[in-house]
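Open the model in your viewer and keep the sequence panel beside it. The tour goes stop by stop, with something to select at each one.

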Amino acid sequence: MAASLNRNVFLLFISVLCFCHAVYGQWPIPYRRYKSRPISNSYCKAGVIPFCPTGQIANSMPKFKPDDKVQLYALKKPVWQFKFGDTLGKFHIMHDALGISNLNTGMNYTMEWYELFQLFNCTFPHVVNDSLLWCNQGAACIYGGIEDRLWKENGTLQLVATTNGDVFNQFAEWVLWDNTTGLYYETWTVRDKPDGKMWFDSFDCASWVLRAFQEFGKLGVKFDQTVKLNYTRINLFSDMPKYLGNQSMVFANKTLGNDIMKFYSKFQAHVAGPLLIEHLISALEEILIQNKFYFFYNEEYWFLPMKSPHVKLTYNEIPLPS
Ligand SMILES: *[C@@H]1O[C@H](CO)[C@@H](O)[C@H](O)[C@H]1NC(C)=O
Ligand SMILES: *[C@@H]1O[C@H](CO)[C@@H](O)[C@H](O)[C@H]1NC(C)=O
Ligand SMILES: *[C@@H]1O[C@H](CO)[C@@H](O)[C@H](O)[C@H]1NC(C)=O
Ligand SMILES: *[C@@H]1O[C@H](CO)[C@@H](O)[C@H](O)[C@H]1NC(C)=O
Ligand SMILES: *[C@@H]1O[C@H](CO)[C@@H](O)[C@H](O)[C@H]1NC(C)=O
Ligand SMILES: *[C@@H]1O[C@H](CO)[C@@H](O)[C@H](O)[C@H]1NC(C)=O
Ligand SMILES: *[C@@H]1O[C@H](CO)[C@@H](O)[C@H](O)[C@H]1NC(C)=O
Ligand SMILES: *[C@@H]1O[C@H](CO)[C@@H](O)[C@H](O)[C@H]1NC(C)=O
């Protein structure tokens, strides 16, 4: 009896160990790639500005002659500059993009990866019909021209490398692949502590620019190493996250489903306001006294046992590929 009990405990221990390994085996949790991009729920509507109003038609990229001379620019501007000028820039809340200049054709292009339905919709779901609905897709937008003043005046317009049309054309294929497989925006970076182990990486405009630079690096592009660039991150701090499951799994448990809805019901102002970030941080401060956060990643929920300093904005340097 005791022996079989021990054996069962041992098996349980092993299976828990295996489960933990399968789920917690690698941190940060890899961002999920998909086979194709679904159309968002018709409930999701862009309020202030539509996504990519002047962009190229979907799934197309400009094609360059192989020996065209091509310059790459790092672009930054304060988030919502069109509405609030450089206000958010003062807090280092910056939007990142990539500028491409074809010196042979004289054509300029701007490439950005951003939210289809704005930042708040990518950060919190809507509580609708006793359920949660996310409008959290992000995608790449490419349009003609680089609006010098827009980037330079309160941000950055910085030449980082020179390459050729052949490399650009290979990069363009990567952009299209990335755009059909990486679908969901992630606002937060989740860490153990400042500079500590990362549990989840963000997936936002800055991470797209960083991926793009890496891709150019892999294609052999040499970057100007004297250029230093910092990137905005909104960090959450927690002990090891606990996996909860996808929407149908968490809602199968009434207590859990209700608790998650209660949590998100505090974040239902899905509009851009001048003090949005400030409201957000203060609402978070309040809720984080309870040290709990229901986090959504790869279309699955996790419980974050939050701890001090809970939430923090950072603007640190990430070197260009060498
Ligand atoms: C967020 O999504 C809701 C629902 O689709 C929409 O009404 C609202 O305009 C969106 N917010 C912004 C800022 O686009
Ligand atoms: C990326 O996908 C979005 C959403 O389908 C689309 O609007 C956009 O044009 C695509 N971008 C490119 C460069 O194909
Ligand atoms: C830069 O910020 C100032 C001060 O907020 C604002 O007046 C100006 O319009 C901004 N520049 C651009 C290009 O938006
Ligand atoms: C292209 O953009 C670069 C960087 O903003 C600028 O220096 C250049 O004048 C632009 N070229 C054209 C033809 O607009
Ligand atoms: C919510 O329920 C109403 C009534 O059944 C329905 O008309 C509406 O489409 C539902 N909304 C969503 C987003 O599913
Ligand atoms: C949720 O996960 C379960 C178990 O892994 C799976 O059977 C189900 O299809 C998933 N549901 C959704 C909506 O992804
Ligand atoms: C349901 O969720 C609650 C709250 O997270 C948890 O305490 C409970 O054990 C769960 N019940 C089942 C059957 O998983
Ligand atoms: C940029 O990042 C570096 C190192 O991460 C930091 O020392 C510096 O203060 C940052 N610059 C700004 C303007 O925050």
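In which sense do strand S1 and strand S2 pair, and over how many bridges? Select residues 69-78 for S1 and 94-102 for S2: the pairing is antiparallel, over 9 bridges. Strands (E, at least two residues) and helices (H or I, at least four) are DSSP runs, numbered from the N terminus. Two strands count as paired if DSSP finds at least two bridges between them.

Before moving on, note that this is a predicted model: local features need pLDDT of at least 70, side-chain atom pairs count only at pLDDT 80 or more, and totals for chains, interfaces and linings use all residues. Residues are numbered from 1 along each chain as its sequence is written, while chains are lettered from A and ligands numbered from 1 in the order in which they are written.

**The sheet.** Stay on S1 and pick Ala74; Leu98 in S2 stands opposite. Now widen the selection to the open sheet of 5 strands, ordered S6-S3-S2-S1-S7 with antiparallel pairing. Its edge strands are S6 (138-144) and S7 (156-164), each pairing on one side only. From one strand to the next, the twist averages 20 degrees.

**Gln71.** Select this residue in strand S1. Is Gln71 buried or exposed? It is partly exposed, because 15 other C-beta atoms lie within 10 Å; 20 or more would make a residue buried, 12 or fewer exposed, with C-beta atoms placed from the backbone. Leaving out residues up to four places away in sequence, Gln71 touches Ser101, Leu103, Leu159 and Thr162. Contact means C-beta atoms, placed from the backbone, within 7 Å. Check the C-alpha distance from Gln71 to Val160: 7.8 Å, across 89 residues of chain.

**The helices.** Show H6 (residues 165-181), which lies across S1, S2, S6 and S7 and runs at about 115 degrees to S7. Then add H7 (residues 205-218), packed on the sheet and touching S1, S2, S3 (107-115), S6 and S7. The direction of H7 makes about 35 degrees with that of S2. Angles run from 0 to 180 degrees between N-to-C directions, with axes fitted to C-alpha atoms, for helices over the stretch in contact.

**Ligand 8.** Select His92, Asn230, Tyr315, Asn316 and Glu317, the residues around ligand 8; each has its C-beta atom, placed from the backbone, within 6 Å of the ligand. Strand S13 (residues 300-317) gives the most to this shell, with 3 residues.

**Confidence.** Finish by coloring on pLDDT, the predictor's confidence in each residue, from 0 to 100. The chain averages 89, and 87% of the residues score at least 70. Over residues 1-22 the pLDDT is below 50, and this stretch has 0 contacts in the model beyond near neighbours in sequence.

How values were computed. Two residues are in contact if their C-beta atoms, placed from the backbone, lie within 7 Å.
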